[in-house]
2 protein chains.
Amino acid sequence: MPNNQFKRGELYSFITGMASTAVARRLQKNFKQAGIEITIEQWSVLYHLWKQDGLSQQELCKQSFRDKPSITRLVDNLEKLKLVKRVPSKDDRRINLVYLTEDSKKLQYETMDMANQTLNEALDGVSSSDIEMCKAVLQKVYDNLK
Amino acid sequence: MPNNQFKRGELYSFITGMASTAVARRLQKNFKQAGIEITIEQWSVLYHLWKQDGLSQQELCKQSFRDKPSITRLVDNLEKLKLVKRVPSKDDRRINLVYLTEDSKKLQYETMDMANQTLNEALDGVSSSDIEMCKAVLQKVYDNLK
DNA sequence: TTTGAATAGTTGCATAACTAACTATATGCC
DNA sequence: GGCATATAGTTAGTTATGCAACTATTCAAA
């Protein structure tokens, strides 16, 4: 039995990612209390656009670890909310470039503050070296299954 | 700035739990390849029943970190698949006790093997002390937000 | 003993996920 | 040029999640 064998009783919470789910739920709740009517999933798409505006849907798939239909619908819903705009690429007509609107640019600082605050709350009492180690393990897990 | 402040570029993957999502997806794929037609979420409910049969829906909520409507519907679907059976409690008529069927008892060893194998694959190259530390961090995060 | 609060579970509505199958455009080889 | 293949994105169907509102049963205090 390899020394990294998981004990059965610990399987479930690892698989469901209860911790990250809890963070996402809390952040969602904080958004709602502040009157910000977007979902965490929509926010996570905006997050990548704040880093770099005008990404293609395909690039959003990669960066947000989602498949194409998921991004199609998230962008659909963000477009309905007038938070992004699809612009067909001139170089390649298959490609939609997704751009922020003025409304969504305004959302950035308020929601990023809230997200940082929520994460700090979540990580209260956890040392930064433990956080680093934890992130490294999660990345390794992700890479192992790629 | 507290020493456990998250850097912005790392927010997203933590919040979405990409690692645990990847494990769940892989296990789902393995089930499918083996001709086992249940979802990971359904499996996770069975998992708790294998540990202790005859739990109430409320107890399933707590153990699987889900809310009541989610458990109601998972049990609905498991019942359609004839993998569990609701039995009203004699002591308290509000309570449904959820019992495994012969079919789902048979699923246990095959799927647990698959789950352990998938986790070992996911954790390849990660030391057991790192796994312990990682689990401790995730538990702490969960508790911080409770 | 009755009334009000708490608990167990269900239902409806909106959003999101995965798979598979589809359209449209681009690329590359003959 | 023309056809096969790859790539970008959409659509359809099923399942799952979160929230809010609901019913039914139990419990506890006036």
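**View 1. B:N77 reaches a phosphate of DNA strand D.** In this predicted model, an N or O atom in the side chain of B:N77 sits 2.5 Å from a phosphate oxygen of DNA strand D. B:T39 does likewise: an N or O atom of its side chain is 2.6 Å from a phosphate oxygen of strand D. A:R94 meets a base instead. One of its polar side-chain atoms lies 3.0 Å from a base oxygen of DNA strand D.

**View 2. Both chains give elements to the surface near DNA strand D.** Chain A offers α4 (57-64) and α5 (68-80), each with two or more residues. Chain B offers α3 (40-51) and α5 (68-80), again with two or more residues each. The largest share, five residues, belongs to α5(B). By type, the surface holds 12 charged, nine polar and four nonpolar residues.

**View 3. Around DNA strand D stand 25 residues.** Those that come nearest are A:R25, A:Q58, A:K68, B:T39 and B:N77. Of the strand D atoms within 4 Å of the protein, 64% belong to sugar and phosphate.

**View 4. Chain B has an open sheet of three strands.** The order is β1-β3-β2, with antiparallel pairing. β1 (55-56) and β2 (84-88) stand at the edges with a single partner strand each, so one side of each has no neighbour in the sheet.

**View 5. In chain B, β2 pairs with β3 and α5 packs on the sheet.** Five bridges join β2(B) to β3 (residues 96-100) in the antiparallel sense. B:V87 has B:L97 of β3(B) as its bridge partner. Helix α5(B) touches β2 and β3 of chain B. Its direction makes about 120° with that of β2(B).

Key
Residues are numbered from 1 along each chain as its sequence is written. Chains are lettered from A and ligands numbered from 1 in the order in which they are written. This is a predicted model: local features need pLDDT of at least 70, side-chain atom pairs count only at pLDDT 80 or more; totals for chains, interfaces and linings use all residues. Side-chain values use heavy atoms; hydrogens and water are left out. A residue is near a molecule or strand if one of its heavy atoms lies within 4 Å of it. A polar contact is a pair of N or O atoms within 3.5 Å; within protein, one must be able to donate a hydrogen and the other to accept it, and residues adjacent in sequence count only if both atoms are side-chain atoms. Helices (H or I, at least four residues) and strands (E, at least two) are DSSP runs, numbered from the N terminus. Ala, Val, Leu, Ile, Met, Phe, Trp, Tyr, Cys and Pro count as nonpolar, Asp, Glu, Lys and Arg as charged, and the others, Gly among them, as polar. Two strands pair if DSSP finds at least two bridges between them. Contact means heavy atoms within 4.5 Å. Axes are lines fitted to C-alpha atoms, for helices over the stretch in contact, and angles run from 0 to 180 degrees between N-to-C directions.
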